[in-house]
Amino acid sequence: MTATEPGTAPTPTAPSSRRAVGVAFGVVAGVALAAQSRVNGELGVRLHDGIAAAVVSFGSGLLILAVLTATVPAARRGMRTLRTALRDGGLRPWQCLGGVCGAFLVATQGLTVATLGVAVFIVAVVAGQSTSSLAVDRAGFGPAGRQPVTASRLAGAVLTVLAVLLAVSDRLGSPSTLALALLPALAGMGIAWQQAVNGHVKIASGSAIAASFVNFVTGTAALLLAFVVVVAVRGWPDGQWPTEPWLYTGGVIGTFFIAVAAVVVQYTGVLLLSLSMIAGQVGGALLFDVLVPPPTGRPGVTTVVGAALTLVAVLVAAGVRGLRPRRRAG
């Protein structure tokens with residue numbers, strides 16, 4: 001079975017009901033990503049090493065997925081099918097490297113969140129994610145095929161960036177700190193490509209667990225290589241290993257986020273999935289800042305308004321009528 005055989009991949013235009021469900025799950029995955037940013041950012045501070053925090057996050061996720069892949073029959077079948085697809089050319093080896101982009105995102109969480117704050121971190125990720133998603137969809141890298149850059153899709157992407165900027169306009173800080181935002185911006189660009197290729201792996205394997213396992217294998221390998229280089233240059237991290245269990249949940253959150261994205265991207269396309277996740281990221285960051293206020297204080301009115309506008313942006317990009325199931329004639 002290949003990723004392009006009839007019956008294994010959805011048509012470029014998925015049913016509107018499936019797209020609506022995909023958008024909902026995308027929002028939930030975005031909330032999970034915001035939570036992961038908070039967790040890994042704090043872990044990086046405690047360890048005094050953002051790369052070490054990323055290794056812990058990705059490594060724990062890999063262990064979870066390794067157990068699931070070994071014990072779930074559908075996942076084992078998916079890995080066998082995936083090997084066949086790679087051997088037969090139905091799936092290209094480079095399409096299994098989405099985890100490298102995920103590793104870079106997790107590393108930036110540990111390296112920059114403590115300095116930038118979760119809000120500015122999300123702004124940078126969103127800016128890269130929205131613009132890159134347009135290009136990825138236009139090139140047809142995703143399993144949903146080529147997605148035209150229509151006026152509504154372009155307007156939705158632009159509105160999303162503007163809405164998120166408004167949401168954090170009172171927390172942008174000094175210009176010097178924004179230079180560090182280049183890292184999460186690049187990571188955001190990588191997310192779009194990661195979602196696209198992971199979607200192909202999921203279709204080729206027929207298993208979200210198998211696709212997620214491949215993602216975490218490549219990501220963990222990339223992070224371990226980076227960690228070895230950092231240790232060789234700077235030495236072992238001199239921070240203290242925290243005792244709070246929640247600081248080690250980044251990997252669990254990541255497995256959920258990757259699995260959801262791999263499944264729903266075939267129905268939503270890369271751009272719509274990205275915008276849905278952006279809405280969840282901003283809404284999640286808003287919720288976390290209300291429940292556990294950061295040093296900058298509770299969110300203001302502009303933050304709340306900006307978060308609401310991200311949801312509007314998702315509807316604009318999808319087309320409001322496109323999200324509603326079509327009525328049958330008669």
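# Close-up views of a predicted all-helix chain

**View 1. His 48 sits in the loop between H1 and helix H2 (50-71).** The model is predicted. His 48 is not a glycine, yet its phi is positive, about 60 degrees. Most residues other than glycine have a negative phi. Is His 48 buried or exposed? His 48 is exposed: its relative accessible area is 52%, and the cut-off for exposed is over 50%.

**View 2. The chain is built from 11 helices and zero strands.** From the N terminus on, the elements run α-α-α-α-α-α-α-α-α-α-α. The chain has 330 residues, and buried residues make up 52% of them.

**View 3. Helix H1 packs against helix H9.** H1 covers residues 16-47 and H9 covers residues 250-291. Their axes are 3 Å apart and meet at an angle of about 45 degrees. H1 and H9 are therefore oblique to each other. Which residue classes make up the contact of H1 with H9? The contact has 23 nonpolar, 12 polar and four charged residues.

**View 4. Ser 17 is found in helix H1.** Ser 17 is partly exposed, at 39% relative accessible area. Ser 17 and Tyr 267 are 250 residues apart along the chain. In space, their C-alpha atoms are separated by 9.7 Å.

**View 5. Helix H4 packs against H7.** H4 covers residues 98-139. The angle between H4 and H7 is about 50 degrees, and their axes are 4 Å apart. That angle makes H4 oblique to H7. By class, the contact of H4 with H7 has 19 nonpolar and 14 polar residues. How many charged residues does the contact of H4 with H7 have? There are no charged residues in this contact.

**View 6. Helix H7 runs through residues 182-205.** H7 has 24 residues. From its first C-alpha to its last, H7 reaches 34 Å, close to the 34 Å expected at 1.5 Å a residue. Why is H7 described as largely enclosed by the rest of the structure? The reason is burial: 19 of the 24 residues of H7 are buried, so the helix is largely enclosed. Gly 206 follows H7. The phi of Gly 206 is positive, near 75 degrees.

**View 7. Phe 227 and Trp 236 form an aromatic pair.** The count for the model comes to three aromatic pairs. In this one, the rings of Phe 227 and Trp 236 have their centres 5.5 Å apart and their planes at 75 degrees, so the pair is edge-to-face. The cut-off for that class is over 60 degrees. What is the burial state of each partner? Phe 227 is buried, with a relative accessible area of 13%. Trp 236 counts as exposed, at 60% relative accessibility. The pair thus joins a buried ring residue, Phe 227, to an exposed one, Trp 236.

**View 8. Cys 96 and Cys 101 are buried.** Cys 96 has a relative accessible area of 11%. For Cys 101 the value is 19%, and the cut-off for buried is under 20%. How many disulfides does the model contain? The count comes to zero disulfides. A disulfide would need a pair of cysteine sulfur atoms within 2.5 Å.

Key. Residues are numbered from 1 along each chain as its sequence is written. This is a predicted model: local features need pLDDT of at least 70, side-chain atom pairs count only at pLDDT 80 or more; totals for chains, interfaces and linings use all residues. Side-chain values use heavy atoms; hydrogens and water are left out. Rings of Phe, Tyr and Trp (its six-membered ring) pair if their centres lie within 6.5 Å; planes under 30 degrees apart count as stacked, over 60 as edge-to-face and the rest as tilted. Buried means under 20% relative accessible area, exposed over 50%, partly exposed in between (1.4 Å probe, protein chains only). Helices (H or I, at least four residues) and strands (E, at least two) are DSSP runs, numbered from the N terminus. The expected span of a helix is 1.5 Å times one less than its number of residues. Axes are lines fitted to C-alpha atoms, for helices over the stretch in contact, and angles run from 0 to 180 degrees between N-to-C directions. Angles under 35 degrees count as roughly parallel, over 145 as roughly antiparallel, 65 to 115 as roughly perpendicular and the rest as oblique. Ala, Val, Leu, Ile, Met, Phe, Trp, Tyr, Cys and Pro count as nonpolar, Asp, Glu, Lys and Arg as charged, and the others, Gly among them, as polar.
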